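Work through the exercises below with the structure at hand. Each task is followed by a solution in steps.

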Amino acid sequence: MNKPVLAEATTLAAFATLAVAFADLLADHHVSALATLAVALFILNTGIFLGDALGRTLRTRLYRCPTRRCPVTITAPRNLGEDALRHYRTQATDHTLHTQAGTR
Ligand SMILES: [Zn+2]
């Protein structure tokens, strides 16, 4: 299992465990089934969101333009070849390549 998938699975398993623990705790306090289900689904949804974000972060590289206040960023998959990554890095870090001449 590769690192991003392992991180996603671990995050989801941790949040699933947390959801079950909270559901059990709420059931002990006689909270309605609908409210218990809502809390459990909210916790699971949070785990899915965080696991997806973590997996996406581990699968990609982010290149930013170093020019102050320039919003250009390029996200490239990590598994690209070195030439393709160098192309994306150059496109992001060379400010003259993504601005119109004379505007900045
Ligand atoms: Zn720039």
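**Exercise 1: two loop residues**

Task: Classify arginine 69 as buried or exposed, then describe its backbone and its place in the chain.

Solution. The structure is a predicted model. Step one is the neighbour count: arginine 69 has 6 other C-beta atoms within 10 Å, and is therefore exposed, since 12 or fewer is the cut-off for that class. Step two is the backbone: phi of arginine 69 is near 65 degrees, a positive value in a residue other than glycine. Step three is the location: arginine 69 sits in the loop between strand 1 (60-64) and strand 2 (73-77).

Task: Repeat the analysis for histidine 30; is this residue buried or exposed?

Solution. Histidine 30 has 7 other C-beta atoms within 10 Å, so it is exposed. Its phi is near 60 degrees, again a positive value in a non-glycine residue. Histidine 30 follows just after helix 1, in the loop between helix 1 and helix 2.

**Exercise 2: a helix and its partner**

Task: Compare the span of helix 1 with the expected span.

Solution. Helix 1 has 26 residues. From first C-alpha to last, helix 1 reaches 38 Å, close to the 38 Å expected at 1.5 Å a residue.

Task: Which residues of helix 1 are buried, and against what do they pack?

Solution. Glu8, Thr11 and Ala19 are the buried residues of helix 1. These buried residues pack against helix 2 (33-59).

Task: Describe how helix 1 and helix 2 are arranged.

Solution. Two packed helices are described by the angle between their axes and the distance between the axes. The axes of helix 1 and helix 2 come within 8 Å and cross at roughly 165 degrees. Helix 1 is therefore roughly antiparallel to helix 2, because angles over 145 degrees count as such. The crossing of helix 1 past helix 2 is right-handed.

**Exercise 3: phenylalanine 15**

Task: Place phenylalanine 15 in the fold and state which residues it touches beyond four places in sequence.

Solution. Phenylalanine 15 lies in helix 1 (residues 3-28). With 19 C-beta neighbours inside 10 Å, phenylalanine 15 is partly exposed, because a buried residue needs 20 or more. Leaving out residues up to four places away in sequence, phenylalanine 15 touches Ile43, Leu44, Thr46 and Gly47. Valine 5 is ten residues from phenylalanine 15 in sequence and 15 Å from it in space, C-alpha to C-alpha.

**Exercise 4: domains**

Task: How is the protein chain divided into domains?

Solution. The chain is divided into domain 1 (3-59) and domain 2 (61-98). Taken over C-alpha atoms, the centres of domain 1 and domain 2 are 34 Å apart.

Technical notes:
Residues are numbered from 1 along each chain as its sequence is written. This is a predicted model: local features need pLDDT of at least 70, side-chain atom pairs count only at pLDDT 80 or more; totals for chains, interfaces and linings use all residues. Helices (H or I, at least four residues) and strands (E, at least two) are DSSP runs, numbered from the N terminus. Two residues are in contact if their C-beta atoms, placed from the backbone, lie within 7 Å. The expected span of a helix is 1.5 Å times one less than its number of residues. Domain bounds come from an automatic or database domain assignment. Axes are lines fitted to C-alpha atoms, for helices over the stretch in contact, and angles run from 0 to 180 degrees between N-to-C directions. Angles under 35 degrees count as roughly parallel, over 145 as roughly antiparallel, 65 to 115 as roughly perpendicular and the rest as oblique. A crossing is left-handed if the near helix is turned anticlockwise from the far one by less than a right angle, and right-handed if clockwise.
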